[in-house]
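Trainee: I am new to this structure and would like to look closely at one part of it, the interior. Could you take me through it slowly, explaining each term as it comes up?

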Amino acid sequence: MWYELGLTIFGQKIAYTELFGQVLALAVVFLAQRRSLLTWPVQLVSVALLFTVYLSAHLGGLATRQVVVGLIAVYGWYAWVKRRDPVFGVVVRKGSWRERLAVAGAFVVGTVAFALVLDWLHASWAPWPDAAIFVGTILAFSLQGLGLVEFWLVWLAVDAVGVPLQIQSGLYFSAFVYLIFAGLVIHGFWDWNRTARRLTQAAKSPL
């Protein structure tokens, strides 16, 4: 099939869909760190390519998440256009402790529920990590669309689960990209956190 076409690097076959899909996913992290509106259209192209990759790898959770992330990207694009600040760009903030607890609870409950669905449907050879990545990704992009700094921390959790799963699935380039993601996510968290503090201070300053 066309989506299986690719090249061989160090003895490992890498499909072009995986290569370009993950390269664009890396671009999304750079763009999100800079709060660029290009984050979202680039994300849409990436998920379209990666959908075919994970479907062929029998990872139903990761394939399904591409569809949902595409929908979230449309929302995020709209939200960022509406909430841009002329000085700071996209308005970002830290989540409250209640919001953080809600995110943690949603991650645990969502993972358990979706893993059971994947297992019941025989849609994934590794339903539990597959489900954790699906739920974590949805939460991360949802929080990103809302401008919450904590979305970077959710991405770290996704990377921690994703690297071994990609390796076991034979998607070595994707595993390598996930390692790069981890470093970019740490830097992105630092940058957004600094911006959130600056916005908070500006809001408290007298006119």
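Mentor: Let us begin with Asn193, which touches Lys94 and Val149 when residues up to four places away in sequence are not counted; contact here means heavy atoms within 4.5 Å. This is a predicted model, in which local features need pLDDT of at least 70 and side-chain atom pairs count only at pLDDT 80 or more, while totals for chains, interfaces and linings use all residues. Residues are numbered from 1 along each chain as its sequence is written, and side-chain values use heavy atoms, with hydrogens and water left out.

Asn193 has its place in helix H7, where helices (H or I, at least four residues) and strands (E, at least two) are DSSP runs numbered from the N terminus. Asn193 counts as buried because its relative accessible area is 14%, and the cut-offs are under 20% for buried, over 50% for exposed and in between for partly exposed, with a 1.4 Å probe and protein chains only. The residue before it in sequence, Trp192, is in contact with Ala32, Gln33, Arg35, Trp80, Val92, Gln144, Gly147, Leu148, Val149, Phe151 and Trp152, leaving aside its neighbours within four places in sequence.

To place this in the whole, the protein chain has 7 helices and 4 strands, which follow the pattern β-β-α-α-α-β-β-α-α-α-α along the sequence. Of its 207 residues, 47% count as buried, and among contacts between residues at least 6 apart in sequence, 69% join residues at least 24 apart.

Trp192 also appears in the largest nonpolar core, which has 53 residues and in which Tyr54, Trp152, Trp155, Tyr178, Phe181 and Trp192 have the most contacts. Such a core is a set of buried Ala, Val, Leu, Ile, Met, Phe, Trp, Tyr and Cys residues joined through side-chain atoms within 4.5 Å. The elements that give two or more residues to this core are helix H1 (16-33), H2, helix H3 (60-82), helix H4 (97-121), helix H5 (127-146), helix H6 (151-168) and helix H7 (172-204).

Tyr54 leads us to H2, whose buried residues are Thr39, Trp40, Val42, Gln43, Ser46, Val47, Leu50, Thr52, Val53 and Tyr54. This helix (residues 39-56) has 18 residues and reaches 26 Å from its first C-alpha to its last, close to the 26 Å expected at 1.5 Å a residue, the expected span being 1.5 Å times one less than the number of residues. From helix H3, Gln66 is in contact with Val47, Leu50, Phe51 and Tyr54, leaving aside its neighbours within four places in sequence. With a relative accessible area of 5%, Gln66 is buried. Just after H2, His58 takes a positive phi of about 55° although it is not a glycine; His58 sits in the loop between H2 and H3 and is partly exposed, with a relative accessible area of 38%.

The interior also holds empty space, in the form of 2 cavities of 30 Å³ or more. On a 1 Å grid over the protein atoms alone, a cavity is a set of points where a 1.4 Å probe fits but cannot get out, and its lining residues have an atom within 4 Å of a point; points are joined across faces, edges and corners, and the volume is the space filled by probe spheres set on them. The largest cavity contains about 250 Å³ of space, and of the 22 residues that line it, Ala25, Gln43, Phe141, Trp155 and Phe181 are the closest to its centre. H1, H2, H3, H5, H6 and H7 each supply at least two residues of this lining, with H1 giving the largest share, 5 residues. The lining divides into 14 nonpolar, 6 polar and 2 charged residues, where Ala, Val, Leu, Ile, Met, Phe, Trp, Tyr, Cys and Pro count as nonpolar, Asp, Glu, Lys and Arg as charged, and the others, Gly among them, as polar.

The second largest cavity has a volume of about 40 Å³ and is lined by Gly95, Glu99, Arg100, Val103, Leu143, Leu148 and Glu150. Its lining takes its largest share, 3 residues, from H4, and by class it has 3 nonpolar, 1 polar and 3 charged residues. Leu148, in this lining, is also one of the contacts of Trp192, which brings us back to the part of the chain where we began.

Methods
On a 1 Å grid over the protein atoms alone, a cavity is a set of points where a 1.4 Å probe fits but cannot get out, and a pocket is an open set with protein on both sides within 12 Å along at least five of seven lines; lining residues have an atom within 4 Å of a point.
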